[in-house]
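Let's walk through this structure together, one piece at a time. Have the viewer open and follow along as we go.

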Amino acid sequence: MDDTTNVGGRDRLGRFLLAAVLSIAAVRWLRSGKRKRGLLAGAGALGFGFNATTSYCGVNDALDIDTTGKSEEVSIDFDDSGDETAGDADTSASAGTAGVREHYLHCAFCGEPIVAGQSRGPNSQGDIVHEDCE
Ligand SMILES: [Zn+2]
């Protein structure tokens, strides 16, 4: 959810303009005593301003609308090699002992790679192992 942008291009520009127009209207209405109208316009201005600056719109999200131009998600299918890549995980344990260049730490106890963020620590022999393997 962190990189959800679904407002872009003309949609975004339109929201900028709407935010500008609504904020002007809000100020005018509030000054002339039309409080309810002014507050509504102000809320709208904030909403559209938010959409335009963050490129995210909750309504777009709910309706599955994306105007950023990336349009349909381009999903590259690795179906053909799917089985092979899945097998790589298994071979990494033995590859560690075979002297293949290691990109990451391996657990001295179970031989599985220790992924960044996984809790690890030295065991009684001073080898780095998974916390669970100590
Ligand atoms: Zn381990």
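Which residues of H1 are buried? They are Arg15, Ala19, Ala25 and Ala26. Before we follow them further, please keep in mind that you are looking at a predicted model.

Let's step back for the overall layout. The protein chain holds four helices and two strands, and reading along the sequence gives the pattern α-α-α-α-β-β. Of its 134 residues, 21% are buried. The accessible surface comes to about 10200 Å², and carbon and sulfur atoms account for 56% of that. If you count contacts between residues at least 6 apart in sequence, 42% of them join residues at least 24 apart.

Now back to helix H1, which covers residues 9-31. With 23 residues at 1.5 Å a residue, H1 should span 33 Å, and its end C-alpha atoms are indeed 33 Å apart, so the expected and modelled values agree. The buried residues of H1 pack against helix H2 (35-54) and helix H3 (58-63). Just after H1 you will find Gly33, which takes a positive phi of about 90 degrees.

H1 also hosts a salt bridge. Side chains of opposite charge can pair when their charged atoms come close. Here the partners are Asp11 and Arg15, with their closest N and O atoms 3.0 Å apart. Both residues lie in H1, four residues apart, which is about one turn of the helix. An α-helix has 3.6 residues a turn, so residues three or four places apart point the same way. The two partners can be told apart by their exposure: Asp11 is partly exposed, with a relative accessible area of 22%, while Arg15 is buried at 9%. The count for the model comes to one salt bridge.

Helix H2 comes next in our tour. H2 has 20 residues and reaches 28 Å from its first C-alpha to its last, close to the 28 Å expected at 1.5 Å a residue. Its buried residues are Gly38, Ala41, Gly44, Ala45, Asn51 and Ala52. They cover an arc of only 150 degrees around the axis, which puts them on the same side of H2. Turn to the other side of H2 and you meet Arg35, Lys36, Leu40, Leu46 and Thr53, which are exposed. What covers the buried residues of H2 includes H1, and this fits the packing of the buried residues of H1 against H2.

What follows H2? It is Ser55, whose phi is positive, near 60 degrees. Ser55 sits in the loop between H2 and H3. At 10% relative accessibility, Ser55 counts as buried, because the cut-off for buried is under 20%. Leaving out residues up to four places away in sequence, Ser55 touches Thr4, Thr5, Asn6, Val7, Arg12 and Phe50.

Gly8 is worth a look too, in the segment before H1. Gly8 is buried, with a relative accessible area of 7%. Its contacts, neighbours within four places in sequence aside, are with Thr67 and Thr68. The C-alpha atoms of Gly8 and Asn51 are separated by 9.4 Å, although these residues are 43 apart along the chain. Asn51 is one of the buried residues of H2.

Now let's move along to strand E2 (residues 128-130), where we find His130. Is His130 buried or exposed? His130 is buried, with a relative accessible area of 10%. Not counting residues up to four places away in sequence, His130 touches Cys107, Cys110, Glu112, Pro113, Ile114, Gln118, Ser119 and Arg120.

Finally, a word on confidence. The mean pLDDT of the protein chain is 79, and 72% of its residues reach 70 or more. Over residues 84-88 the pLDDT stays under 50, and the model has zero contacts there beyond four places in sequence. Residues 94-100 also have a pLDDT below 50, and this stretch has two contacts in the model beyond near neighbours in sequence. Where pLDDT is low, the predicted coordinates should not be read in detail.

Technical notes. Residues numbered from 1 in each chain as written. Predicted model: local features only at pLDDT ≥ 70, side-chain atom pairs only at ≥ 80, totals over all residues. Heavy atoms only, no water. Buried < 20%, exposed > 50% of the residue type's maximum accessible area, 1.4 Å probe, protein only. Contact = heavy atoms within 4.5 Å. Areas by Shrake-Rupley, 256 points an atom, 1.4 Å probe, with all protein chains shown as cover. Expected span 1.5 Å × (residues − 1). Arc of directions from axis to C-beta. pLDDT = per-residue confidence, 0-100. Salt bridge = Lys/Arg side-chain N within 4 Å of Asp/Glu carboxyl O.
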